[in-house]
Amino acid sequence: MRTLEDWFSEYAVSHQNKTNIAIHYICVPAIFFSIIGLLMSIPNSFLVSIVPGDNQFIENWAFIAVLFILFFYVRLSVKMALQILLFSTLCIIANYYIGQYASLWMVSVIIFVAAWIGQFYGHKLEGKKPSFIKDLQFLLIGPGWVIQKMFGKK
């Protein structure tokens with residue numbers, strides 16, 4: 001099994017250009033945020049019926065997805081999993097409040113499309129294809145890589 005350092009080292013190969021890295025600092029969190037918003041936009045009547053109590057922050061499909069993401073990360077690094085948990089929690093809370101004032105799915109789609117345009121532009125500058133083309137698991141590694149680059153080692 002690859003270590004978190006292995007994943008980050010391989011991810012970094014196609015992320016050397018300073019402009020591409022700067023774009024990733026904005027676009028990777030934006031994509032993650034927008035996916036959380038899209039997942040929160042899916043009707044959740046099934047979840048409401050099986051989750052005890054009344055908690056809008058866990059009665060949504062984004063919460064379920066975050067559990068799987070955390071499982072992926074906790075196997076690699078507990079500290080990174082906690083950092084992803086913190087970021088995910090902030091995303092869920094912010095998306096919840098956006099959904100109170102705007103069409104969450106529409107806001108999420110706009111952010112998603114704009115961020116992916118940024119990502120592909122960054123990789124055009126880099127001259128290398130995005131890592132996820134080689135292995136889809138890099139879609140999960142991107143947020144951790146950005147956290148690690150911005151806030152220090154695992």
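**Figure 1. Lining of the second largest pocket in the predicted model.** Val28, Pro29, Gln83, Leu86, Phe87, Leu90, Pro143, Val146, Ile147, Met150 and Phe151 form the lining of this pocket. The elements that supply two or more residues each are α2, α5 and α7. Helix α7 gives the most, with five residues. The second largest pocket holds about 210 Å³ of space. By class, its lining has 10 nonpolar residues, one polar residue and no charged residues.

**Figure 2. The largest pocket and the residues around its centre.** This pocket has a volume of about 380 Å³. A total of 23 residues line the largest pocket. Closest to its centre are Ile31, Ile35, Leu139, Leu140 and Pro143. Two or more lining residues come from each of α2, α4, α6 and α7, the last of these spanning 138-151. Which element gives the most to this lining? Helix α2 does, with seven residues. The lining counts 17 nonpolar and six polar residues. No charged residues are found in the lining of the largest pocket.

**Figure 3. Helix α2 against helix α4.** Helix α2 covers residues 18-41, and helix α4 covers residues 61-74. Their axes come within 7 Å. The crossing angle is roughly 130°. Angles of 65 to 115 degrees count as roughly perpendicular and those over 145 as roughly antiparallel, so α2 and α4 are oblique to each other. From α2, the residues in this contact are Phe32, Ile36, Leu39 and Met40. They meet Trp61, Ala62, Ala65, Val66 and Ile69 of α4. What classes of residue make up the contact of α2 with α4? There are nine nonpolar residues, no polar ones and no charged ones.

**Figure 4. Ser88 and its contacts.** Ser88 belongs to helix α5. Is Ser88 buried or exposed? Its relative accessibility is 0%. The cut-off for buried is under 20%, so Ser88 counts as buried. With neighbours within four places in sequence left aside, Ser88 is in contact with Phe32 and Val66. Phe32 lies in α2 and Val66 in α4, and both take part in the contact between those helices.

**Figure 5. Helix α5 against helix α6.** Helix α5 runs over residues 78-101, and helix α6 over residues 104-126. The two pack with their axes 8 Å apart. The angle is about 120°. Therefore α5 and α6 are oblique to each other. Asn95, Ile98 and Gly99 are the α5 residues here. Opposite them in α6 are Leu104, Val107 and Ser108. The residues of this contact divide into three nonpolar and three polar, with no charged residues.

**Figure 6. The chain as a whole, as a setting for the close-ups.** The chain has seven helices and zero strands. Along the sequence, the pattern reads α-α-α-α-α-α-α. The chain is made of 154 residues, of which 39% count as buried. Ser88 is one residue that counts as buried. How much of the contact in the chain with a separation of 6 or more comes from residues 24 or more positions apart? Such residues account for 74% of those contacts.

Methods:
Residues are numbered from 1 along each chain as its sequence is written. This is a predicted model: local features need pLDDT of at least 70, side-chain atom pairs count only at pLDDT 80 or more; totals for chains, interfaces and linings use all residues. Side-chain values use heavy atoms; hydrogens and water are left out. Axes are lines fitted to C-alpha atoms, for helices over the stretch in contact, and angles run from 0 to 180 degrees between N-to-C directions. Helices (H or I, at least four residues) and strands (E, at least two) are DSSP runs, numbered from the N terminus. Angles under 35 degrees count as roughly parallel, over 145 as roughly antiparallel, 65 to 115 as roughly perpendicular and the rest as oblique. Contact means heavy atoms within 4.5 Å. Ala, Val, Leu, Ile, Met, Phe, Trp, Tyr, Cys and Pro count as nonpolar, Asp, Glu, Lys and Arg as charged, and the others, Gly among them, as polar. On a 1 Å grid over the protein atoms alone, a cavity is a set of points where a 1.4 Å probe fits but cannot get out, and a pocket is an open set with protein on both sides within 12 Å along at least five of seven lines; lining residues have an atom within 4 Å of a point. Grid points are joined across faces, edges and corners, and a volume is the space filled by probe spheres set on the points. Buried means under 20% relative accessible area, exposed over 50%, partly exposed in between (1.4 Å probe, protein chains only).
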